[in-house]
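Here is a short set of questions and answers on one protein model. Keep the sequence and the 3D view open as you read.

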Amino acid sequence: MRALVLHPDIRGQGRRRDPSLALEEAASLAAALPRVALAGAELVRVQRVAPAMLFGRGKVEEIRALVEALHVELVLVNGQVSPVQQRNLEREWKVKLLDRTALILEIFSDRAATREGVLQVEMAALSYQRTRLVRAWTHLERQRGGLGFVGGPGETQIEADRRAIDEQLMRLRRQVEKVAKTRGLHRKARARIPFPVVALVGYTNAGKSTIFNRLTGAGVLAKDMLFATLDPTMRVVRLPNSGQEAILSDTVGFISDLPTQLVAAFRATLEEVPVADVILHVRDISHLETEEQRGDVLAILEGLGVGEESVVIEVWNKIDRLDEDARTSLGTIASRRGNAVMISALDEVGIAPLLERIEAALDVGRSHAVIEITHKEGRKRAWLYDQRVVVGETESETGSRIEVNWTTSQSIRYSRL
């Protein structure tokens with residue numbers, strides 16, 4: 001299917017992104033869709049938003065001519081398009097139209113592999129469709145007959161459709177709750193394993209999966225493509241100096257203007273991030289808007305509950321794309337920052353220093369605590385010793401008084417035992 005990507009550059013709209021880079025990202029999103037061939041990408045200047053069709057009549061005619069000339073079957077608008085605007089533009093251009101939210105939903109729907117991922121995408125898609133029923137039903141006053149026991153006009157078709165979606169959402173929520181219980185059991189099982197957790201997060205296509213593969217030897221899909229990884233993956237990595245093992249978790253990439261339905265849907269799959277011992281924030285340091293991308297990621301992390309107490313290491317990836325002067329300058333900045341490591345996952349440059357930095361980070365941010373454990377809680381006592389956090393133990397009449405020196409995430413994992 002041949003697709004045309006449009007980025008509306010709306011005059012006076014508060015924005016901090018370069019429109020040309022936003023168009024480039026939208027084209028990359030389109031390229032991530034299966035069975036779609038990119039026919040063209042256009043930046044469309046919009047002086048004033050037209051309520052009926054988003055673009056003015058002249059622009060609509062120009063784009064229609066372009067659609068016909070390029071034999072386009074699908075138009076992707078990198079922004080929010082109202083149901084009325086979508087319906088009118090599809091009539092004018094005689095093609096299928098998707099806005100940014102629908103496009104990302106399509107990608108997620110294609111990439112979801114786990115049972116929970118599939119369910120979460122279905123819920124997000126239904127929530128999105130519920131707000132856009134006007135597109136499917138132009139005859140909003142069409143009535144469905146009642147049962148006949150009580151007078152009245154019956155319910156409108158749009159009400160019936162909305163009710164059907166609500167019922168389906170309820171069924172999906174019940175299924176998600178069952179999956180969540182299973183995930184909770186798996187999380188408790190991991191909490192008993194004497195391994196710290198290191199979580200990879202970052203803007204989509206920053207290179208998280210390539211780093212994950214370099215550190216663990218796993219075969220996770222790693223492509224120069226947005227949202228190449230959707231479902232979280234975990235593997236064990238051995239740290240070089242101490243020989244200590246840690247669980248490395250790869251997560252879905254973040255993106256600016258992520259649809260609210262998807263933020264809510266995938267919050268559960270990211271719940272390990274706030275309690276990770278170390279968070280690796282992977283950045284494509286070669287990207288022209290790397291600082292803006294960093295801001296988007298930090299905003300989402302804050303929404304997930306990641307606070308100042310969390311240990312975060314910034315991994316400045318893709319230095320292979322920079323010239324020598326840029327690398328030198330960044331090296332100076334990284335050393336001054338103290339929490340940044342420069343690497344090229346593609347060329348395996350900087351992997352050893354990254355592992356050393358992870359190892360050092362696992363030994364900082366510890367606090368002292370005293371725990372009372374009864375004789376019946378031998379499993380908890382064993383877990384503390386497996387974690388190598390015990391610094392002293394004294395017997396008591398009811399059990400043991402154990403002194404520990406542990407990280408915040410270890411204390412949280414202990415509370416879940």
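Contact, or touching, means heavy atoms within 4.5 Å. This is a predicted model: local features need pLDDT of at least 70, side-chain atom pairs count only at pLDDT 80 or more, and totals for chains, interfaces and linings use all residues. Residues are numbered from 1 along each chain as its sequence is written, and side-chain values use heavy atoms, with hydrogens and water left out.

Q: In what order do the four strands form the open sheet?
A: Strands are DSSP runs (E, at least two residues), helices likewise (H or I, at least four), numbered from the N terminus. Two strands pair if DSSP finds at least two bridges between them. The pairing here is parallel, and the order is β2-β1-β3-β4.

Q: Which residue in β4 is the bridge partner of Val77?
A: Strand β3 (residues 74–77) pairs with β4 in the parallel sense over four bridges. In β4, the partner of Val77 is Asp99.

Q: Which element gives the most to the largest nonpolar core?
A: Such a core is a set of buried Ala, Val, Leu, Ile, Met, Phe, Trp, Tyr and Cys residues joined through side-chain atoms within 4.5 Å. The largest has 39 residues; Phe254 is among the four that touch the most other members. Six residues come from the top contributor, α4.

Q: Is Gln293 buried or exposed?
A: Gln293 sits in helix α10 (residues 290–304). Buried means under 20% relative accessible area, exposed over 50%, partly exposed in between (1.4 Å probe, protein chains only). Gln293 has 7%, so it is buried.
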